[in-house]
Amino acid sequence: MRYRTLDPKLIIETAERLEGRVAERFPKAGLRGVAAELVSLSRDLAKAAKGLEEPIWWLRGLIVAAFITGVLIFLFVGTILPLDRISGTDDAVQSVQGIEASINTVILAVLGFLALIRTEERIKRKRVFRQLHGLRSLIHVIDMHQLTKDPAALSASFKPTAQSPARITNAADLARYLDYCSEMLSITGKIAALFAQSVNDDVVIDGVNDIENLSSNLSRKIWQKITLIESHPAAQPVPAPGPASQAAPLPPRAPKR
């Protein structure tokens with residue numbers, strides 16, 4: 001069962017290692033603060049997802065109490081207050097109407113009981129979407145940080161304007177910056193999956209899938225940029241001089257006579 005469920009501790013550890021890597025390579029970048037926020041959010045949401053696995057005991061107690069109360073009321077009406085005391089024994093029409101009203105009451109009681117049972121699902125569903133809202137906002141913040149990281153800045157003909165943001169002109173650093181953004185988006189998808197693991201609800205699963213699709217689509221955009229950077233001449237490694245190029249040049253031959 002170890003590899004069949006997501007471990008929140010490992011997700012948090014992955015986010016912490018990523019925050020440390022961002023801090024070492026880009027200590028003054030705003031991406032470092034985003035990585036730290038991702039660590040804090042992963043801890044909070046992992047705790048929230050774990051709490052959703054526990055049943056809401058007070059609500060279940062209320063449902064049981066309502067069910068027992070309803071059963072006692074029906075027993076009281078059917079035994080202590082039989083229909084022949086309310087209407088005459090010869091009044092068949094009133095008796096039939098009383099039976100019909102009793103059947104309608106039973107149906108409404110069953111529907112109300114089923115609605116109470118589904119109340120716990122609705123409460124948990126609302127809590128999940130409240131947490132996913134904050135996660136979705138962080139995903140858009142990550143996308144904003146990679147938005148201005150354009151591979152065109154590596155070109156020698158690129159000329160920034162007065163309103164141009166600060167650019168990373170080193171190909172390796174730019175690719176690593178974008179790769180960190182992609183890793184953050186992947187972690188957000190795994191955090192969202194914790195809620196689908198804790199709450200077995202179709203609506204929750206659809207909401208989690210929306211979060212994962214959003215992070216995957218943005219990550220796909222980032223990897224398109226990384227591909228452009230890797231194919232740029234500035235990112236190509238300089239070939240090391242071979243043995244032939246290191247050898248001393250041969251002296252010119254003397255002309256034949």
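This passage describes the helices of one chain and the way some of them pack. The model is predicted.

The chain holds nine helices and zero strands. From the N terminus on, its elements run α-α-α-α-α-α-α-α-α. The chain has 257 residues, and 30% of them count as buried. Its exposed surface comes to about 17300 Å². Carbon and sulfur atoms supply 60% of that area. Among contacts with a separation of 6 or more, 80% join residues 24 or more positions apart.

Helix α2 spans residues 30–52 and has 23 residues. From its first C-alpha to its last, α2 reaches 33 Å. That is close to the 33 Å expected at 1.5 Å a residue. The buried residues of α2 start with Leu31, Val34, Ala35, Leu38 and Val39. They continue with Leu41, Ser42, Leu45, Ala46, Ala49 and Leu52. An α-helix has 3.6 residues a turn, so residues three or four places apart point the same way. The cover over the buried residues of α2 includes α1 (8–25), α6 (119–147) and α7 (171–198).

Helix α6 also packs with α7. The angle between them is about 170°, and their axes lie 10 Å apart. The two helices are therefore roughly antiparallel, as angles over 145 degrees count as such. On the α6 side, the contact is made by Val128, Gln131, Leu132, Leu135, Ile139, Ile142, His145 and Gln146. On the α7 side, the partners are Tyr177, Leu178, Cys181, Met184, Leu185, Thr188, Ile191, Ala192 and Phe195. The residues of this contact divide into 13 nonpolar, four polar and no charged.

A further partner of α6 is helix α8, residues 202–230. Here the packing angle is about 5°, with the axes 10 Å apart. That makes α6 roughly parallel to α8, since angles under 35 degrees fall in that class. From α6, the contact takes in Arg125, Val128, Phe129, Leu132, Leu135, Arg136, Ile139, His140, Asp143, Gln146 and Leu147. They meet Val203, Val204, Gly207, Val208, Ile211, Leu214, Ser215, Leu218, Lys221, Ile222 and Lys225 in α8. The residues of the contact of α6 with α8 comprise 13 nonpolar, four polar and five charged.

Some α6 residues serve both partners. Val128, Leu132, Leu135, Ile139 and Gln146 are among the α6 residues that meet α7 and among those that meet α8.

Note on methods. Residues are numbered from 1 along each chain as its sequence is written. This is a predicted model: local features need pLDDT of at least 70, side-chain atom pairs count only at pLDDT 80 or more; totals for chains, interfaces and linings use all residues. Side-chain values use heavy atoms; hydrogens and water are left out. Helices (H or I, at least four residues) and strands (E, at least two) are DSSP runs, numbered from the N terminus. The expected span of a helix is 1.5 Å times one less than its number of residues. Buried means under 20% relative accessible area, exposed over 50%, partly exposed in between (1.4 Å probe, protein chains only). Contact means heavy atoms within 4.5 Å. Accessible areas come from the Shrake-Rupley method with a 1.4 Å probe; for residues, only the protein chains shown count as cover. Axes are lines fitted to C-alpha atoms, for helices over the stretch in contact, and angles run from 0 to 180 degrees between N-to-C directions. Angles under 35 degrees count as roughly parallel, over 145 as roughly antiparallel, 65 to 115 as roughly perpendicular and the rest as oblique. Ala, Val, Leu, Ile, Met, Phe, Trp, Tyr, Cys and Pro count as nonpolar, Asp, Glu, Lys and Arg as charged, and the others, Gly among them, as polar.
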